[in-house]
Amino acid sequence: MTSNIGRSVVWNTVGTMYYYACQWLITILAVRIGGYSLAGYLSLAMTITNSFYAIAQFGMRQFQVSDLEEKYSDTIYIGSRYISIFVAFVTCTIYLFLSHYSNVELACTMSYLLLRLVEAFVDVYHGIDQKNWRFDIIGKSLLVRGTILVLGFWIGLELIGDLPIVLLIITTLSLSIVIGYDIRYTKQFAEVKGTLKDYKIKRLLLECFPIVIFNFLLSTVTLIARDTLQIVEGVERLGVYASVASPAVIIQLLASVIFNPFVPLFTSYYLEKDNKKFCILLAKFILFLLTLLLIAMIGARFLGEWVLVLIIGSSIRKYMYLLLPVIVCTVVTAVIWLLSAVMIAIRKTKALLLCTVVGVLISWASSRVFVERYSMNGVSYVIIFSGIVQVILMLVCCLYTVWRNCDEE
């Protein structure tokens, strides 16, 4: 088991980090090829679709891989994904056409939404792969699709120059990899066809409903803050902020890909009432994130300007004051991801939802004030402020649940 976990961490880390590095790289290419305005359109599309990707995924990955008692079959998980993807597409379309966005912003966002829906579709198969410790399938898929993303974006913008069309081409190529590789290899050890007729689908969706609302609301915290910046100061300023913020996301990803293979262990320790191992594992990951924050802050202080100027250009130099707050809000969000996965593993989904509602309310109430007072840095301050409150509430809930679990022994 130890060797399996080690190999899984390597495949998961390499594949996921590469894919999301490619996602970050296209934001840099957007600045380099199309300028801050095009980067702003891409950033807005990414931010909006994050919320609806949460609906498409339905918060099910952590629930799926921690379903150690096989309460729901693979066919039910796949069938439920058909439904959630359809709902995400419809709700996003309605939201966009009822909002204040321009035709260009609508086209970019709808095109990027389709790419995110492909990611949500393959995610359910990756959940099956993870439960069977086949992270090699996940890693190879992410490596190929990440390469297609970057090359397609770069070549497409240079030759076509139309962002929505380029995104549609990338989506088509990505879907072909999912069908030709992911589903094909997962079929060797699991059922890959979903069902829409089993009554358990409704039960699964209802059980995961608090999780999807959590994921939607968590992304909404960032959407509210960034959308406020776009309204108050314009899409170009949003493009500047996104260009500085995008490299910092690597911190979240590093924490996430290292942590994800261990999610079933939290469920196992909790079911076995081994609260000592549970708490030790949680403490180790929190300490890891705090160490990561310290390293990132030191690295940003001495190397941040050099790196950003190298990859974006000298025009970014005057915005270096944005970097340190961005790093802090990134790590705070990573802690929220960690604690949310733990709460899902121990099935405290309703409490998780309540904690996130508090964060959204804080973001909604404070975004305008922070952005008008601190400009682009106000976005980071909103996320930090609301995030710290969420972390405190979630940590208290986790520790109380574990204590109660011990008391019932």
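Analyst: A salt bridge is a side-chain nitrogen of Lys or Arg within 4 Å of a carboxyl oxygen of Asp or Glu. The model discussed here is predicted, so local features need pLDDT of at least 70 and side-chain atom pairs 80 or more, while totals for chains, interfaces and linings use all residues. Residues are numbered from 1 along each chain as its sequence is written, and side-chain values use heavy atoms, without hydrogens and water.

User: Which residues are linked in a network of salt bridges?

Analyst: Arg 61, Arg 81 and Asp 123 are linked in this way. A search of the whole structure finds ten salt bridges.

User: What makes Asp 123 and Arg 61 a salt bridge?

Analyst: Their closest N and O atoms are 2.7 Å apart, and the limit is 4 Å, so the pair qualifies. The pair links distant parts of the chain, 62 residues apart: Asp 123 lies in helix α4 (residues 103-131) and Arg 61 in helix α2 (residues 60-65). Helices here are DSSP runs (H or I, at least four residues; strands are E, at least two), numbered from the N terminus. Both Asp 123 and Arg 61 are buried, a class that requires under 20% relative accessible area (exposed is over 50%, partly exposed in between; 1.4 Å probe, protein chains only).

User: Why does Arg 317 count as partly exposed?

Analyst: Arg 317 has 42% relative accessibility, which places it in the partly exposed class. Its partner in a salt bridge is Glu 305, at 2.8 Å from N to O. Glu 305 has 35% relative accessibility and therefore also counts as partly exposed. Arg 317 is in the loop between α11 and α12, whereas Glu 305 is in helix α11, twelve residues apart.

User: How far apart in sequence are Glu 372 and Arg 368?

Analyst: They are four residues apart, about one turn of the helix, and both lie in α13 (residues 349-374). Their side chains meet in a salt bridge at 2.9 Å, N to O. Arg 368 counts as partly exposed because its relative accessibility is 45%.

User: Why does Thr 333 count as buried, and Leu 151 as partly exposed?

Analyst: Thr 333 has 14% relative accessibility and is therefore classed as buried. Leu 151 has 41%, so it is partly exposed. Thr 333 lies in helix α12, and Leu 151 in helix α5. Between the C-alpha atoms of Thr 333 and Ile 169 the separation is 32 Å in space, with their positions 164 residues apart in sequence.
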